[in-house]
Amino acid sequence: MSAVPPSRPKVLMVSPMPDWDLAPMREAYELIDLPAGGLGGLATTADITALVTSGGRGAEAALIEALPALELIAVYGVGYDRVDLEAAARCNVAVTTTPDVLTADVADMALALTLALARRIVDGDAFVRSGAWPNGAMPLTGNVAGCKVGIVGLGRIGEAIARRFAGFDTKIGYWNRSPKPSSSWQAFPTPAALSAWADILVVAVAGGGDTVGLVDAATITALGRDGLLVNISRGTTVDEAALIAALESGAIAGAGLDVFRDEPTIDPRFSRLGNVVLSPHQGSATVATRRAMGALVRTNLAAHFAGKALPTAVLSRHS
Ligand code: NAP
């Protein structure tokens, strides 16, 4: 008589993951895709013990509360601003993210956007392709070396951005919510004070309710007419209406943006601006980093189901 195979834990897939993650996950878990119409499309939700979601999708209170056996939310990303942490705590659900493994690529994206913006790389590409070059040189551009770079949010990614900019012979300043006594960069008391000092303002602070519009109209315009703003954090951290107004009026010189308030839908005015470089939230979107992020999601799931400590928890369960 053959043994009855042990049942695999049920894991709700709220956001898609690459096949290289799904294949090993299917060996250990029963993966259930969240139906387009919501949980009502499932025969039962009573025995779903974990869910996997992206930073952009998160997990709202209604979803958490509708899963009575839920124990773990594993975020495929480092931002957890769209996970309702209060609901998770109330329902005794742990939350994990994928920090560190994406830091370098997101920091690289901040540098790439800055250089593309200052040196007008996208315009130069279009200029060459258009055949305009034989008729005369492209206009001169701004530069990065020697500039003052202000970083809003000196967390893991902010620190990595600072280290990279230091290699470009820039001066580094920062604003951070909590003191950073170990940092040798110049600290500023407010984002606006940092912006008034900086030539280039790079936003790397966490998203969430507390940081909505942290980079407000006054902070944006404090950059001045030659100033550049780069945002790789979340679209919510910069007052987007004020940013568009500043870009349209020439109150600042340009912006490099990887994140948008209502992404993937963007304000159509961005597409009409000539002084922006726009990126579709690609900060961590490299093969190597997505593989490492997926591996960390799987490590957290495995630890949870083995009853071990979660390697990268932002919220743990109480016993
Ligand atoms: P981290 O190490 O946790 O750093 C978070 C930073 O945000 C710290 O400077 C922290 O200040 C600050 N912060 C957190 N909550 C705050 C609040 N309520 N008010 C003011 N400041 C607050 O995270 P990280 O790994 O550097 O990631 C930073 C952010 O980058 C993520 O949250 C995410 O939104 C974004 N991100 C974007 C991409 C992309 O593809 N574009 C990819 C990954 C991450 P303290 O030092 O005081 O805690």
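The exercises below, each with a worked solution, concern a predicted model.

**Exercise 1. The ligand shell**

Determine which residues come nearest to the ligand, and give the make-up of the shell by class.

Solution.
- Step 1: The ligand has 27 residues around it.
- Step 2: Of these, I157, N176, R177, S178 and D258 come nearest.
- Step 3: Sorted by class, the shell holds 10 nonpolar, 11 polar and 6 charged residues.

**Exercise 2. Polar atoms at the ligand**

Find the distances from ligand atoms to N or O atoms of N176, D210 and I232, then state how much of the ligand the protein buries.

Solution.
- Step 1: The side chain of N176 has an N or O atom 2.6 Å from an oxygen atom of the ligand.
- Step 2: For D210, a side-chain N or O atom is 3.3 Å from a nitrogen atom of the ligand.
- Step 3: I232 takes part through its backbone, where an N or O atom lies 2.9 Å from a ligand nitrogen atom.
- Step 4: The cut-off for a polar contact is 3.5 Å between N or O atoms. The pair at N176, at 2.6 Å, is within it, and so are the pairs at D210, at 3.3 Å, and at I232, at 2.9 Å.
- Step 5: The ligand taken alone exposes 930 Å², and the protein buries 85% of that.

**Exercise 3. The sheet of 6 strands**

Give the strand order of the open sheet of 6 strands, identify its edges, and place the helices α1 and α11 against the sheet.

Solution.
- Step 1: The order is β2-β1-β3-β4-β5-β13, and the pairing is mixed.
- Step 2: At the edges are β2 (30–33) and β13 (313–315), each of which pairs on one side only.
- Step 3: From one strand to the next, the twist averages 25°.
- Step 4: Within the sheet, β3 (residues 48–54) and β4 (residues 72–76) are parallel and share 5 bridges. S54 is found opposite Y76 of β4.
- Step 5: Helix α1 (residues 19–28) lies across β1 (10–13), β2, β3 and β4, at about 125° to β2.
- Step 6: Helix α11 (residues 287–305) lies across β1, β3, β4 and β5 (94–96), at about 170° to β4.

**Exercise 4. The sheet of 7 strands**

Give the order of the open sheet of 7 strands and explain why β8 and β12 each have a side without a neighbour.

Solution.
- Step 1: The strands follow the order β8-β7-β6-β9-β10-β11-β12, with parallel pairing.
- Step 2: β8 (186–187) and β12 (276–278) are the edge strands; each has a single partner strand, so one side of each has no neighbour in the sheet.
- Step 3: β8 is joined to β7 (residues 171–175) by 2 bridges, and the two strands run parallel. G173 stands opposite Q186 in β8.
- Step 4: Helix α9 (residues 240–249) lies across β10 (228–231), β11 (254–257) and β12, at about 140° to β11.

**Exercise 5. Backbone exceptions**

Locate the cis peptide bond between E263 and P264, and the positive phi angles of D100 and H281.

Solution.
- Step 1: Most residues other than glycine have a negative phi, and most peptide bonds are trans.
- Step 2: The bond joining E263 and P264 is cis, with omega about 10°. P264 is in the loop between β11 and α10 (268–272).
- Step 3: D100 is not a glycine, yet its phi is positive, about 70°. This residue sits in the loop between β5 and α4 (103–118).
- Step 4: H281, also not a glycine, has a positive phi of about 50°. Its loop is the one between β12 and α11.

Note on methods. Residues are numbered from 1 along each chain as its sequence is written. This is a predicted model: local features need pLDDT of at least 70, side-chain atom pairs count only at pLDDT 80 or more; totals for chains, interfaces and linings use all residues. Side-chain values use heavy atoms; hydrogens and water are left out. A residue is near a molecule or strand if one of its heavy atoms lies within 4 Å of it. A polar contact is a pair of N or O atoms within 3.5 Å; within protein, one must be able to donate a hydrogen and the other to accept it, and residues adjacent in sequence count only if both atoms are side-chain atoms. Accessible areas come from the Shrake-Rupley method with a 1.4 Å probe; for residues, only the protein chains shown count as cover. Ala, Val, Leu, Ile, Met, Phe, Trp, Tyr, Cys and Pro count as nonpolar, Asp, Glu, Lys and Arg as charged, and the others, Gly among them, as polar. Two strands pair if DSSP finds at least two bridges between them. Helices (H or I, at least four residues) and strands (E, at least two) are DSSP runs, numbered from the N terminus. Axes are lines fitted to C-alpha atoms, for helices over the stretch in contact, and angles run from 0 to 180 degrees between N-to-C directions. Contact means heavy atoms within 4.5 Å.
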